[in-house]
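Here's a pair of exercises to work through with the model open in your viewer. Try each task before you peek at the solution.

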Amino acid sequence: MGKLFSINNYNEIKEIFHDKGLKCTPQRQAVLKVLQESKGYLSISKIHRNVKELLPGTGLATVYRSLETLIELNLVVKVHLEDGCHSYAVAPKGHRHPIVCTDCNRVIDYTECPMEDLSKKLTKDTGILIQNHFLQLFGTCKQCQT
Ligand SMILES: [Zn+2]
Ligand SMILES: [Zn+2]
């Protein structure tokens, strides 16, 4: 199958799937494209609605499974919201932390990691070797402050 959607780094993405022995199916591509075109995070129902515009007849379960696969491949991140719900966004490149604007739902990537020193301290204090962390911040973006 040829290039279905104009994802900028399509070849790179195909490679990521290939490395894990997974197929870059049209559904998975569509889910990724929908998220790439959104500026912030999207709920699963919104993703489903937009995917159906690209691939009519795609079921919610397929969208859900595609998201799980994309998360596994580090292409998508689950964004945890204040109300306990979660949504999805394209994973930032490299090690970054998402800051979610609670007014306009935009996701801003914070490139610095404040956790490195803390991880070292935790290892020293608890003996646990910290291997990974998930840090997400909430706030009000500049535009929403005015
Ligand atoms: Zn905002
Ligand atoms: Zn970090």
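**Exercise 1: the sheet**

Work out the strand order of the open sheet of 3 strands, and find which strands stand at its edges.

*Solution.* Keep in mind that we're dealing with a predicted model.

Step 1. Reading across the open sheet, the 3 strands come in the order β4-β3-β5, and their pairing is mixed.

Step 2. Now look at the ends of that order: β4 (107-110) and β5 (137-139) have a single partner strand each, so each of these edge strands has one side without a neighbour in the sheet.

Step 3. For the twist, ignore direction: neighbouring strands here are turned by 30° against each other on average.

Step 4. Zoom in on one pair. Strand β3 (residues 97-101) and β4 run antiparallel, joined by 4 bridges. To see a bridge residue by residue, pick Ile99 and look across to β4, where Ile108 is its partner.

**Exercise 2: the two domains**

Describe how domain 1 and domain 2 are placed, and what the side of domain 1 that touches domain 2 is made of.

*Solution.* Step 1. Split the chain: domain 1 covers 1-91, and domain 2 covers 92-146.

Step 2. Take the C-alpha centres of the two domains; they lie 22 Å apart.

Step 3. Count contacts, using C-beta atoms within 7 Å as the cut-off. That gives 9 residues of domain 1 in contact with 9 residues of domain 2.

Step 4. Ask which element gives the largest share on the domain 1 side: strand β1 (residues 76-80), with 3 residues.

Step 5. Sort the residues on that side by type, and you get 5 nonpolar, 2 polar and 2 charged.

Definitions and conventions: Residues are numbered from 1 along each chain as its sequence is written. Chains are lettered from A and ligands numbered from 1 in the order in which they are written. This is a predicted model: local features need pLDDT of at least 70, side-chain atom pairs count only at pLDDT 80 or more; totals for chains, interfaces and linings use all residues. Domain bounds come from an automatic or database domain assignment. Two residues are in contact if their C-beta atoms, placed from the backbone, lie within 7 Å. Helices (H or I, at least four residues) and strands (E, at least two) are DSSP runs, numbered from the N terminus. Ala, Val, Leu, Ile, Met, Phe, Trp, Tyr, Cys and Pro count as nonpolar, Asp, Glu, Lys and Arg as charged, and the others, Gly among them, as polar. Two strands pair if DSSP finds at least two bridges between them. Axes are lines fitted to C-alpha atoms, for helices over the stretch in contact, and angles run from 0 to 180 degrees between N-to-C directions.
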